[in-house]
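Here is a short guided tour for you to follow with the sequence and the 3D view side by side. Take your time, and turn the model as you read.

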Amino acid sequence: MFLHELVAATHSPFHADGSLAPEVVPLQAAFLAAQGIRTVFITGSTGESHSVSCAEKLRLFDAWAEAGPANGIAVIAHVGGNCIEDCKLLARRAAELGFPAISALAPSYYKPGNLSALIDWCAAIASQAPQTPFYYYDIPVLTGVTLPMEKFLVEAPARIPTLAGIKFTNPDLVSYRKSLDVAGDRFDLPFGIDEAMLGGLATGARGAVGSTFNWAPALYLDLIAAFQRGDLDEAQRLQSLSIAMIDAIAATGFLGTAKALMGRLGVPVGPARLPLGNPSTAQVDALMIRLEELGFSQWGAKPLASAHPALVNA
């Protein structure tokens, strides 16, 4: 399996009171499909993984198992967490539902002390879905686990026969290049930092998993196209737009504000859960003005009937 595309990391939908709202998933799927998204990564960091219970994740798995295929979308389930038994249960359920891949990050409370312990952790989870490709999710800024991924790719396959690659949400481009050298054509290493995509492309990325692909995939497709035709000035301009967009959203708390933006686009994924904050109505109004100043109407999410042509054909 290779994720040589833009994979949207989806939000977990909640009602206004913070309770789970799985009934929104079909609308999410239809919205993303209309933007050209063909693969989603659910219950990960954008999906507030550590703020969602195991039982709630199972309900989201069930919802996406129906809504994804109904909209031509493949579903990758993040099954990581701090409790290995929950992770194993989620992996088994993902396999039962026929998801094409699973992924797990490192535990962040009791952390693996070395590479061997991390591989043990991943192997225990992956073994519960022995026919399902497994991606390790490297995101040291949130897990606090920094281990050499190039060595992971050398040592892990012996204990994780289903290892497909690494979701590389790590700004260390030296480590990324080293890992790509080891991966060759055997493993897949989608890049996971939207605001640094150009650096990832120059380092060797062939696909990406990101949260801003929920509402701005066309911006990144244009960036990729500019990079591939050698128009570095245009690629840099588009990356700067991406950074400005992310800065504008992050100014009032990235995840809560991103979910509010989805609401303004007609996909009511609700608020972020505590301890994350949520913007006021006035702050969201100001955000929409700022995004329009950045040209959102040209590259942002479009109504179902007028999606970006490149996305339709992606």
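Let us begin with helix 3, which runs over residues 84-96. Keep in mind as you look that the model is predicted. How far apart should the ends of helix 3 be, with 13 residues at 1.5 Å a residue? The expected span is 18 Å, and the end C-alpha atoms are indeed 18 Å apart, so the two values agree.

Which residues of helix 3 are buried? They are C87, K88, L90, A91 and A94. These residues cover an arc of only 165 degrees around the axis, which means that they sit on the same side of helix 3. Their packing partners are helix 2 (54-70), strand 3 (74-78), strand 4 (101-105) and helix 4 (115-126). Just after helix 3 comes G98, with a positive phi of about 80 degrees.

One member of that buried set is a lysine, K88, placed in helix 3. Is K88 buried or exposed? Its relative accessibility is 18%, and the cut-off for buried is under 20%, so K88 counts as buried. Leaving aside neighbours within four places in sequence, K88 is in contact with A124, I125 and Q128.

Helix 4 holds another residue to find, L118. With a relative accessible area of 0%, L118 is buried. Not counting residues up to four places away in sequence, L118 touches A106, P112, Y136, L147, M149 and F152. The C-alpha atoms of L118 and L105 are separated by 9.4 Å, and these two residues are 13 residues apart along the chain.

For a contrast, turn to V174, which belongs to helix 7 (residues 173-183). V174 has 55% relative accessibility, and exposed means over 50%, so V174 counts as exposed. The C-alpha atoms of V174 and T203 lie 8.5 Å apart, although 29 residues separate them along the chain.

Here are four of these and later residues side by side.

| Residue | Place | Relative accessibility | Class |
|---|---|---|---|
| K88 | helix 3 | 18% | buried |
| L118 | helix 4 | 0% | buried |
| V174 | helix 7 | 55% | exposed |
| T43 | loop between strand 2 and helix 2 | 2% | buried |

Next comes helix 10, residues 232-250. At 1.5 Å a residue, its 19 residues should span 27 Å; the end C-alpha atoms are 26 Å apart, which agrees. The buried residues of helix 10 include A235, L238, L241, M245 and I249. Among the elements that cover the buried residues of helix 10 are helix 8 (197-203), helix 9 (217-228), helix 11, helix 12 and helix 13 (296-299).

In soluble globular proteins, nonpolar side chains tend to be buried together. Where does this model show such a group? The largest nonpolar core has 93 residues, and those with the most contacts inside it are F134, F152, I160, W215 and M245. Apart from that core lies another, of 12 residues, including A9, A101, I139 and V209. Let us go back to W215 for a moment. Beyond its neighbours within four places in sequence, W215 is in contact with residues that include H11, M245, I249, F254 and W299.

Now look for open space. How much space lies in the largest pocket? It holds about 870 Å³. The pocket is lined by 35 residues, and S45, T46, Y137, I139 and L142 lie nearest its centre. Helix 5 (140-143), strand 7 (208-210) and helix 11 (254-264) each supply at least two residues of the lining. The largest share, 3 residues, comes from helix 5.

Finally, check the backbone. Most residues other than glycine have a negative phi, and most peptide bonds are trans. T43, which is not a glycine, has a positive phi of about 55 degrees. E48 also has a positive phi of about 55 degrees without being a glycine. T43 is in the loop between strand 2 (39-42) and helix 2, and E48 lies in the loop between strand 2 and helix 2. E48 is buried, at a relative accessible area of 5%.

Which form does the peptide bond from L274 to P275 take, cis or trans? That bond is cis, with omega near 15 degrees. P275 lies in the loop between helix 11 and helix 12 (281-293).

Notes. Residues are numbered from 1 along each chain as its sequence is written. This is a predicted model: local features need pLDDT of at least 70, side-chain atom pairs count only at pLDDT 80 or more; totals for chains, interfaces and linings use all residues. Side-chain values use heavy atoms; hydrogens and water are left out. A nonpolar core is a set of buried Ala, Val, Leu, Ile, Met, Phe, Trp, Tyr and Cys residues joined through side-chain atoms within 4.5 Å. Buried means under 20% relative accessible area, exposed over 50%, partly exposed in between (1.4 Å probe, protein chains only). Contact means heavy atoms within 4.5 Å. Helices (H or I, at least four residues) and strands (E, at least two) are DSSP runs, numbered from the N terminus. The expected span of a helix is 1.5 Å times one less than its number of residues. The arc is that of the directions from the helix axis to the C-beta atoms. On a 1 Å grid over the protein atoms alone, a cavity is a set of points where a 1.4 Å probe fits but cannot get out, and a pocket is an open set with protein on both sides within 12 Å along at least five of seven lines; lining residues have an atom within 4 Å of a point. Grid points are joined across faces, edges and corners, and a volume is the space filled by probe spheres set on the points.
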